[in-house]
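I opened my notebook to work through one structure, bit by bit. Below are my entries, in the order I looked things up.

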Amino acid sequence: MAFLRVIQGSRIGELHELISDRLVLGRHPSCEVVLENAVISRQHARMIRQGDSYVIEDLGSRNGTFVNEKKVRGLQLIQAKDHIRICEIVLEYLEELPQFDATVSEIPVDEKLLACEDSNSGELESSSIISTLNAVRGSARLGVRPEAKLRAIIELSTLFSRTVALDAVLKQTIECLFRIFPQIELGSVLLLDPESGSPMVKAARDRSGEETTDVPISMTVVERAIQGHEAILCEDIADDSRFRDSESISALQIRSMMCAPLSGFEEEAFGAIQLTTKSLKQPFSQDDLDLLVSVTAQAGLAIENAKLHAEVIHSHEIERDLEVATQIQLGFLPNKKPDFPDYEFFHYYQAAQQVGGDYFDYVKLPDGRLAIIVADVSGKGVPAALLMARLSSAVRYQLVSHTDVGAAITELNQELLDSSLGFRFITLVVAVLAPNTNKVTIVNAGHLPPLLHDQQGNHFIEGDYSGLPLGIGRELEYSEYVCELSDGATLLFYTDGVTETGDPQGDLFGRSHLLTARPEEECSAEALVQQVLKDMKEFSKGAPSRDDCCIVAIRRLSNDS
């Protein structure tokens, strides 16, 4: 069985077992080997089994694939110990499970034995009762039971290389500890709760093999181990004045105990392992404490990897859910322009995130009129998108139910207030075209004023007819504004993602730039929208968009069109 081992990148030491005849490497969650880096292509490279070996090919990635620092062109055979570099990540190709190097040199340790003081000080009465050991990863003595330490590390490394599930890692850690230390009667793994910051039992078992997390724990010892980042040994708690008043230890009748902190790459303790026994026939020794420090160093890295893997899986699930949500939201928006006599239409929609709160629609009314709606839900992301979906059905119902557009929007406001929007509000503008006429009826609920392009020039349609946004108050009544569109005149509706487009200096595109964004005296609806987008892009100079953006243009065709 072949493997890929990460030797450079954010997850050094991670193993990928090659179990398929064909596997894709890239950052997309569907890849067999997922590599977390923004500059890696979604599907970057592919490995194909040929006999007992693999060949690799680049899938047209932007940054290329390299084997032993030579760029891959076509199919290239991979041999044992070859290094595959994909951007900043380097993978080593292994034809069998890697063995762990048993050649280690002795490393000095900052080890201290708590000194006793006289009984009036309240400290320990005997220096042989408690010992502590600096638990920083890599600082434990290697001269103590080296064969046991090496065997434990290899066993744990082998176990941890086969799983990345947190529950499995915790269970395997406990089981391995019982094999290493035969005197254990109760073993527990505790992790700091992300919210409270208190140690919580995540895995525990006793000598009979019963697994439970409902076990009494000496939090005094655990918290000292975590906060001081030191492993603690108590050979005989009954003779130690410091723990005589501990109710949990007394209830458990504990006689000997070890506790060591768990830490990961940053060497910041996030939990602890506590081992206890009620018998003094085989109390824990200094050698045992040293061995436990080595075990917790391995376990800490494995637990941190498992937690990071769970976070990645969770983020991938959120990404997939957002992709589905994006498709659902786009389903609420028109997928084609309406066919309405003497008029042409064009629209543009882009969410700042995967889903957004901008909304537009074309609604054919029973009497043959056509309603064009543009709205902006306060906020961005999923909450705004959910409210946008609610708005979509509500506005259609009210427009179909009322011939008076102002009355329809007034009822829409009441309906949305009854739906408990919380502190959110919606700006909305609706324009209704009647067939065989050049008149358009506009109702504006706190939205940006439409921009009219006609033979008299360019100007915004604003005035007393504009009301407050939807969801503000119950006593609001919305009035209509009726205007005539001359031949070739164009109405432009937009959201604040247009006017609030910023440049690198923090200046805004604003209404003044929008007013002049017109390619020629008489242009199509599509040409007008494209000109606005072009001017926005030039103004922003590549600065990222901070808000959703929606633009809708309607143009009355001239007689000679």
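What follows is my set of notes on this model, which is a predicted one.

**Entry 1: salt bridges**

I started with charges. Side chains of opposite charge can pair when their charged atoms come close. How many salt bridges does a search of the whole structure find? I got 14.

I picked R5 and E92, which form one of them, with their closest N and O atoms 2.9 Å apart. This pair ties together distant parts of the chain: R5 sits in strand β1 (residues 2-8) and E92 in strand β11 (residues 89-94), 87 residues apart. I then checked how covered each partner is. R5 is partly exposed at 23% relative accessible area. E92 comes out at 8%, and I wrote it down as buried because the cut-off for buried is under 20%.

R5 and E92 also belong to something wider: together with K81 they are linked in a network of salt bridges. I looked up K81 next. K81 lies in the loop between β9 (76-78) and β10. Its relative accessible area is 53%, so K81 counts as exposed, the cut-off being over 50%. One oddity I marked: K81 has a positive phi of about 75°, although it is not a glycine.

**Entry 2: around strand β10**

I stayed in this region and found R85 and E69, whose side chains meet in a salt bridge at 3.1 Å, N to O. R85 is in strand β10 (residues 83-86), while E69 is in the loop between β7 (66-67) and β8 (70-71); they are 16 residues apart. R85 is partly exposed at 21% relative accessibility. E69 is exposed, with a value of 52%.

Then I went on to C87, in the loop between β10 and β11. C87 has a positive phi too, about 55°, and is not a glycine. Is C87 buried or exposed? I found 12% relative accessibility, so C87 counts as buried.

**Entry 3: strand β28**

Here I looked at two arginines. The side chain of R555 is in a salt bridge with E344, with 3.4 Å between the closest N and O atoms. E344 is in strand β19 (residues 343-350) and R555 in strand β28, 211 residues apart. E344 is partly exposed at 23% relative accessible area. R555 is buried at 7%.

R556 lies in strand β28 (residues 549-556). What does the side chain of R556 reach at 2.8 Å? I traced it to the backbone oxygen of L485. The R556 side chain also makes a polar contact with the side chain of D487, at 3.3 Å. Leaving aside neighbours within four places in sequence, I listed the contacts of R556, among them D342, Y343, N438 and G488.

**Entry 4: one face of helix α3**

Which residues are buried in helix α3 (residues 219-228)? My list reads V221, V222, A225 and I226. Looking down the axis of α3, I saw that its buried residues fall within an arc of 125°, so they line one face of the helix. I asked myself what they pack against, and the strands are β14 (186-192), β15 (199-206), β16 (230-234), β17 (256-263) and β18 (269-277). Just after α3, H229 takes a positive phi of about 50°.

**Entry 5: a buried isoleucine**

I jumped to I303, in helix α5 (residues 286-332). Its relative accessible area is 0%, so I303 is buried. I303 and L170 are 133 residues apart in sequence, and I got 7.3 Å between their C-alpha atoms in space. Not counting residues up to four places away in sequence, I303 touches L166, V169, L170, V189, L191, L262 and F270.

**Entry 6: a nonpolar patch**

Last, I turned to the surface. Which residues make a nonpolar surface patch of about 270 Å²? I noted F425, L468 and I472. I looked more into L468, which lies in the loop between β25 (457-460) and β26 (481-484). At 46% relative accessibility, L468 counts as partly exposed.

Conventions: Residues are numbered from 1 along each chain as its sequence is written. This is a predicted model: local features need pLDDT of at least 70, side-chain atom pairs count only at pLDDT 80 or more; totals for chains, interfaces and linings use all residues. Side-chain values use heavy atoms; hydrogens and water are left out. Helices (H or I, at least four residues) and strands (E, at least two) are DSSP runs, numbered from the N terminus. A polar contact is a pair of N or O atoms within 3.5 Å; within protein, one must be able to donate a hydrogen and the other to accept it, and residues adjacent in sequence count only if both atoms are side-chain atoms. Contact means heavy atoms within 4.5 Å. Buried means under 20% relative accessible area, exposed over 50%, partly exposed in between (1.4 Å probe, protein chains only). Patches are made of residues with over 30% relative accessible area and no salt bridge: like charges are joined within 9 Å, nonpolar side chains (Val, Leu, Ile, Met, Phe, Trp, Tyr) within 5 Å. Accessible areas come from the Shrake-Rupley method with a 1.4 Å probe; for residues, only the protein chains shown count as cover. A salt bridge is a side-chain nitrogen of Lys or Arg within 4 Å of a carboxyl oxygen of Asp or Glu. The arc is that of the directions from the helix axis to the C-beta atoms.
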